[in-house]
Amino acid sequence: MDKEVILTGLRSNAEFHLGNYLGAIKPMVRLQHELKGQYQLNMFVPDLHSFTTPIDHSKLYQQTIDNVRLYMAAGMDINHTDTYVYRQSRIPAHSEMTWILGCFTNMGELNRMTQYKEKAQKSDKEISELFFQLLEEKYPEYHKALHESSDTEYEKTYKKQISELYLRWHEASQELAYEQSSAGLFIYPVLMAADILLYNAKWVPVGDDQRQHVELTRDVAIRMNNKFNQELFTVPHEWNKQLEFIGIDNGVRIRSLRNPEKKMSKSIDDPAGTIMLSDNPDEAAKKIMSATTDSVGKINYDWDKQAGVTNLLQILALTEDKDQDEVNKQWGGQDSYGQLKEAVADSVKMTLQNLQAQLSDVTTTQVEEKLAADEAKMSAVANATLEKVQKAVGLRS
Ligand code: TRP
């Protein structure tokens, strides 16, 4: 019998940081080694998904290749016969299937996707920055009041008016952001459903943020199977089963070194809080040394009260491949944050040094050859599913 398919997307348009490496890339590589031989693994690059929001297009091609190189540097065995790596854009069936599936997906369903709403929105920070500009240009009296008037005067005379103005501004900004978001962003989940259904994948290891998309994929697959009275699509397993089987990524959320309440994110937003995988290892160690901690004075694994220290403990366990409990036992109750930071800084430095050395061994040509070979094989699989669906909907006899 054919092996069951595990399918997942490897991001292509952004550079990776330590949080991506420890939370997604490393677990994925571990999964590959554990399951090799028992399952077919489709690790594809959703490069068509990467410009649903604006990007620098001149970088996309090389970024795609570099991200695959990085998976290889991290230990992914892409030459294993059960592992396929391919670009979505090179298999036209993805786009064609998206159109067909889109005609069996409701606007209402897509409207309920929270990720789309989040991505279509502007951040509060962006909105309020523009608001202050607006005040300065159009309402100098208010602007002055905000900066200069005493608290009581402000409360009495201005607070209500300025707050009302801000609320209206906020609402109008969000409406505009929504109007200007791309149609591609809106239909993103349909393309994702095509990615999954074309290859009959039962297992889709993704983070919580993708849950709705996986559920939508199931709904559309079941709907079309019923409508056309045949098993057109393999329906991916329910979310709970996915979690049980793989449980990937859940719980591992590396936080910013500067604002440990927040996730580590792209360096432009938070350069001192983020370690990019391309950072100079010594610089990365320095970022760890100046990480925000707390004034408790004792090391404890406690996300609520000591997020900064806890983040460091987590990074240490993951970079050293140790159980979190073991690391917590070793460090818990000690009072030198400096020593902990040194241990984490060393470990992160080693991790980057190794990864960067491995990376320089993987060439663009190697990756391009692997991609081209797998794209040829996977096209055949995708086209077979597409033809079946084209027959069912009446496009072929
Ligand atoms: N949406 C996924 C993410 O942001 C990437 C992705 C696209 C994907 N198509 C997919 C993941 C299909 C799994 C299966 O992480």
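Analyst: Two strands pair if DSSP finds at least two bridges between them, strands (E, at least two residues) and helices (H or I, at least four) being DSSP runs numbered from the N terminus. This is a predicted model, where local features need pLDDT of at least 70, side-chain atom pairs count only at pLDDT 80 or more, and totals for chains, interfaces and linings use all residues. Residues are numbered from 1 along each chain as its sequence is written.

User: OK, the sheet then. Which strands sit at its edges?

Analyst: It's an open sheet of three strands, with parallel pairing and the order β1-β2-β3. An edge strand here pairs on one side only, and that picks out β1 and β3 (83–87).

User: And which residue of β3 is the bridge partner of Met-43?

Analyst: Strand β2 (residues 40–45) pairs with β3 in the parallel sense, over five bridges. Across to β3, Met-43 has as its bridge partner Val-85.

User: Which elements each supply at least two residues of the shell around the ligand?

Analyst: A residue counts as near the ligand if its C-beta atom, placed from the backbone, lies within 6 Å of it. The residues around the ligand include Leu-7, Thr-8 and Gly-9, and also Met-192, Asp-195 and Ile-196. The elements that each give at least two are β1 (5–9) and α9 (183–197).

User: How many of those shell residues are nonpolar, polar and charged?

Analyst: Besides those, the shell has Pro-46, His-49, Val-204, Val-206 and Gln-210. Ala, Val, Leu, Ile, Met, Phe, Trp, Tyr, Cys and Pro count as nonpolar, Asp, Glu, Lys and Arg as charged, and the others, Gly among them, as polar. The shell divides into six nonpolar, four polar and one charged.

User: On to the helices: is α7 parallel or oblique to α8?

Analyst: Helix α7 (residues 140–148) packs on helix α8 (residues 151–180) with axes 10 Å apart, at an angle of about 130°. Axes are lines fitted to C-alpha atoms over the stretch in contact, with angles from 0 to 180 degrees between N-to-C directions. Under 35 degrees is roughly parallel, over 145 roughly antiparallel, 65 to 115 roughly perpendicular and the rest oblique, so α7 against α8 is oblique.

User: What kinds of residues make the contact of α7 with α8?

Analyst: From α7 come Tyr-142, Ala-145 and Leu-146, and from α8 come Tyr-154, Tyr-158 and Ile-162 (contact means C-beta atoms, placed from the backbone, within 7 Å). The count is six nonpolar, no polar and no charged.

User: Is α3 roughly parallel or roughly perpendicular to α16?

Analyst: Helix α3 (residues 93–102) and helix α16 (residues 364–393) have axes that come within 10 Å and cross at roughly 30°. Ala-93, Glu-96, Met-97 and Ile-100 of α3 meet residues of α16, including Leu-386 and Val-389. With that angle, α3 and α16 are roughly parallel.

User: How many charged residues are in the contact of α2 with α16?

Analyst: Helix α2 (residues 57–73) packs on α16 at about 95°, with the axes 9 Å apart, which makes α2 roughly perpendicular to α16. Ile-65, Val-68 and Arg-69 of α2 meet Thr-364, Val-367 and Glu-368 of α16. Three residues of this contact are nonpolar and one is polar, and the number of charged ones is two.

Methods: Two residues are in contact if their C-beta atoms, placed from the backbone, lie within 7 Å.
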